[in-house]
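Grab a pencil and work through these exercises with the model open beside you. Try each task before you read its solution.

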Amino acid sequence: MRIQPREQLLSIWRAVVETSMREGRWTWGSEIPRNSISDAEQLLAIMYPATDVPIFRVDQPDQTADDVLGSLKLLGDELEIPQALTDILIEYIEHYTEDGTPYFSGGSYFQSPDPKKPPTEAQAALDVVDSFSMSVSLMLNTIGFVQVFRGSVRNTDLLEKLAHLESIASVRLTAAMVGLLRSFVVNVFTPESDEGKALIRSVNQYGDSPRHVVEDLYRELQGVRASVRDFTIGSGQTSELDNRNRLFEIGWSWGVVKDAPEIEAVTGIGKQRDGYAQSAPFLYFTVNALDGIADLFSSRTVVLRLLNEEQLRLSAALRLRWELTQRYWAIIATFGNDRWPLEDIPWKTTDGRESDYYSLLVTSMVVQELENRRASDADLSRLLRILEELAQRGRITRRASDADWGVRFHQPGSAMRLVGSEDIEGDDGERLLWQVTDYSAVILKRALKLAGMARSTEMRDALIEFGDTIWSHLSLRRIDGGDGKGLWDDPSKIFPHLLKPTRIPSASWYYTERIVECLVFATKLVNDRPPQSSALVSHARDLLNEANNLFDFEVMNSTIAARGPLRNELDQAQTMLDRAREVLYQRPGTSESLTLEVLRLLDKLEVARRKAEEGSG
C-alpha cells in the first residue's frame, strides 16, 4: 500500500492544529462560516484517529507516541493535549445548545438557488441529518475519550470538567439519535405512479413485464416489509405495506420529516423540533446516516459501554432501520439473476433524477450489506469494476477534456434540492440546495472497505492497487499554501484548464474529515491479517515437510550431532522449524523463509557428516 496512513495522518494533524490554533486559542470555521457540521468535522479530524487507532491515542498521556506529540505540539505536551481537547469539546457542545436543547442546524452548508437571496435565518436553523450523524460519531468518541482519560487524572477540577463533558456529550448523543429516528422515511407508492415506473425501470434489466417485476419485488422484499411494520417509535411507521400491490423505498430524508411524531420517554434533551423535510429518502443523507449509526454498535462502543439504558433502546431502533435499509438497497441494486441494476450506470432515482454520484451512493450501501454477510470475491470483483468505471467517468483515472462533464463531480459538485425547506410558516425563503463534492473520497473509502473484505490475496491486491490510484489523485489536491496548507481541497490542481483556482484556497473541513476517514480505514487494513494464498500455504507446507524429514534423518544418522558448534546449529534448526510450523497458516511466506534457512543449515550438516564419514573410512 502506497498510502502510508500513519505518515499521512500525522501530517494532517499537524496541519489541522496549525490552521486551527490562533494566538493560543482554537478557532472555528475556514472557507465558510462555522456551523454544527463543519465544527464537528474539524474536531473529528483529530478525534477519529485519536480514539479509533491505538497508535494515535492521546487519552493515556504516559503512552502517547513521540511522533503524535510532535504533530500536536501546538496543543501542548502529553498532559496538556487531552486537557486542551476537553476544553474544545465542551466549547463545541455548549455553543450548539440553546436553553437546554441541542440543535443540529445546517447553517452555512445550506445554499440558495439564487446567490443574491441567501437562506433565511429560519432556514439556516433547520436541523439536518448530516449533523445528527456527525454528532453520533463525535459524541461516542468524546465519551470514550473521557472514560479512558479519566483513569490518568487526579486533579479534582479536571475530574469535574470531564464529568461535565461526559454529561453534555451524552445529552447531545441522545438528541442526535432521536433526530435520526425522526428523519427516517418509508415512501410507499403504486406501480402505476411515476415513482413506481421509475423503480420498475431501474430493476427491470431484461424487459420482463411490469406485473412480473412487481411480483418478484414483493417476494424478494417480503422480509423487509414485515420488519418495517414492526416500527414502534420514530418516523416511518405505515400500514400501507399490507397491500401487496404497493412498492416502496426506505432511508433517511435530509432532516426531521414533516409531521414526524415526537419520541416519548426521552428525557433531558429539551424540545423536539418540528420537521419540514420531504417524506422520501435521499441517497446522500441515507449513506451518511448509516455511517454514523454503525458507530453505535461498534466493538469499541460495546466494550467501553458508552451507551446508557435510554440510548440502548434508541440504538436498537436505529439498528433495525440500519439493517433494513442496507438490505433493501442491496436487493434493489442486485435484483435479478445476471446483470445488476447497479451496473446500469448512471443510477436513476424514483423522482426522475440520474447521476453517477447516485450510483456511487447505492454502491456504498451494497458494500455495507455485503460486509454483513461475508460476500464472495466474485461479488467484490463486480463492485470493483463498478468503482473503476465511476472513477473513469469522474475523470479520476482518466484525463479530462475541455468542458468535460465528469469534472462537475469535484467542482461545483452535485446539488440536491431539499424539498420542504421552503415551507416554514411565515418565512419567504426559497427551496434550499445541498452541495456535495466528496466523489473521489467516497470511492477511496469504499475501495478500502472492499479490500478489507477480500478473501483472496489477488482480490485484495487489486483493490489496494485501485485505492492507491485514487489516493494519487487525492494527494495532489492538497492545499499548498495559506491557512489551509496541508489540508483539502484544491481540485484546480488536477483540472487547471477547467476550474478557476481560488485566490488562496482555505481548508474544507467537509473534505478533510472524509480524507481522515479513508486513512483510518487504511490503518485498519494494514493492521488486519490479510487473506492467505492457498498456493503459498501449500508450497510452504511442502518445504516444511521436506525440512522435517531431513532434520529427523540428520538427528538419527549424524555421528557428530552431539558435538561442538554443529550441535548448536542443529538446535538452531530445531528452533526455526518449530517457529515455521507455528506460523505456517497465518504467515506462510515467513514460514517458507524460515524453512529455507533450515534447509541450508541441514545441507551444511550433511556435507560435514559426509566428510566425517569419508575421513573415518
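## Exercise 1: Backbone oddities

At 45% relative accessibility, Gln4 counts as partly exposed. The model you're looking at is a predicted one.

**Task.** Find where Gln4 lies and work out what is unusual about its phi.

**Solution.** Step 1: locate the residue. Gln4 sits in the segment before α1 (5-20). Step 2: check the accessibility. The value of 45% falls between the cut-offs of 20% and 50%, so Gln4 is partly exposed. Step 3: look at the angle. Phi of Gln4 is near 55 degrees, which is positive although the residue isn't a glycine. Step 4: compare with the general rule. Most residues other than glycine have a negative phi. Step 5: try another case. Arg395 also has a positive phi, near 55 degrees, and this residue lies in the loop between α15 and β10.

**Task.** Which residues does a cis peptide bond with omega of about 5 degrees join?

**Solution.** Step 1: recall that most peptide bonds are trans. Step 2: go to Ile345 and Pro346, which are joined by that cis bond. Step 3: place the proline. Pro346 is in the loop between α13 (309-333) and β8 (347-348). Step 4: add a further example. From Gln411 to Pro412 the peptide bond is cis too, with omega near 10 degrees. Pro412 belongs to the loop between α15 (377-393) and β10 (414-418).

## Exercise 2: Salt bridges

**Task.** How many salt bridges does the structure hold? Then take three of them and decide whether each partner is buried or partly exposed.

**Solution.** Step 1: get the total. There are 30 salt bridges in the structure.

Step 2: start with Asp59 and Arg57, whose side chains meet at 3.0 Å, N to O. That distance is within the 4 Å cut-off, so the pair counts as a salt bridge. Asp59 has a relative accessible area of 0% and is buried. Arg57, at 21%, is partly exposed.

Step 3: move to Glu513 and Arg514, which form a salt bridge at 3.7 Å, N to O. Glu513 is buried, at 2%, and Arg514 is buried as well, at 8%. Now widen the view: Glu41, Asp438, Glu513 and Arg514 are linked in a network of salt bridges.

Step 4: finish with Arg581 and Asp578, bridged at 2.5 Å, N to O. They're 3 residues apart in helix α20 (residues 564-582), so about one helical turn separates them. Arg581 is partly exposed at 37%, and Asp578 is partly exposed at 36%.

## Exercise 3: Helix lengths and caps

**Task.** Check whether the span of α13 agrees with 1.5 Å a residue, then do the check for α7.

**Solution.** Step 1: count residues. Helix α13 has 25 of them. Step 2: work out the expectation. You multiply 1.5 Å by one less than the number of residues, and for α13 this should give 36 Å. Step 3: compare. The end C-alpha atoms of α13 are 36 Å apart, which agrees. Step 4: repeat for α7 (residues 156-181). With 26 residues, helix α7 reaches 38 Å from its first C-alpha to its last, close to the 38 Å expected.

**Task.** Which residue caps the N-terminal end of α13, and which one caps that of α7?

**Solution.** Step 1: for α13, the cap is Asn308, with a side-chain oxygen 3.2 Å from the backbone nitrogen of Glu310. Step 2: for α7, the cap is Asn155, with a side-chain oxygen 2.9 Å from the backbone nitrogen of Asp157.

## Exercise 4: Aromatic rings

**Task.** Is the pair Phe248 and Tyr328 stacked, edge-to-face or tilted?

**Solution.** Step 1: get the overall count. A search of the whole structure finds 22 aromatic pairs. Step 2: take the ring centres of Phe248 and Tyr328, which are 5.4 Å apart, and their planes, which are at 45 degrees. Step 3: classify. An angle of 45 degrees is neither under 30 nor over 60, so the pair is tilted. Step 4: see what the pair links. Phe248 is in strand β7 (residues 247-252) and Tyr328 is in helix α13, 80 residues apart, so distant parts of the chain are linked. Both Phe248 and Tyr328 are buried.

**Task.** Which residue lies over the face of Tyr218?

**Solution.** Step 1: look above the ring of Tyr218 and you'll find Arg244, 4.1 Å from the ring centre. Step 2: do likewise for Phe297, where Arg319 lies over the face at 4.1 Å from the ring centre.

Terms used: Residues numbered from 1 in each chain as written. Predicted model: local features only at pLDDT ≥ 70, side-chain atom pairs only at ≥ 80, totals over all residues. Heavy atoms only, no water. Buried < 20%, exposed > 50% of the residue type's maximum accessible area, 1.4 Å probe, protein only. Helix = DSSP H or I, 4+ residues; strand = E, 2+ residues; numbered from the N terminus. Polar contact = N/O pair within 3.5 Å; in protein donor to acceptor, adjacent residues only side chain to side chain. Phe/Tyr/Trp six-rings, centres within 6.5 Å; stacked < 30°, edge-to-face > 60°. Lys NZ or Arg CZ within 6 Å of the ring centre and 35° of its normal.
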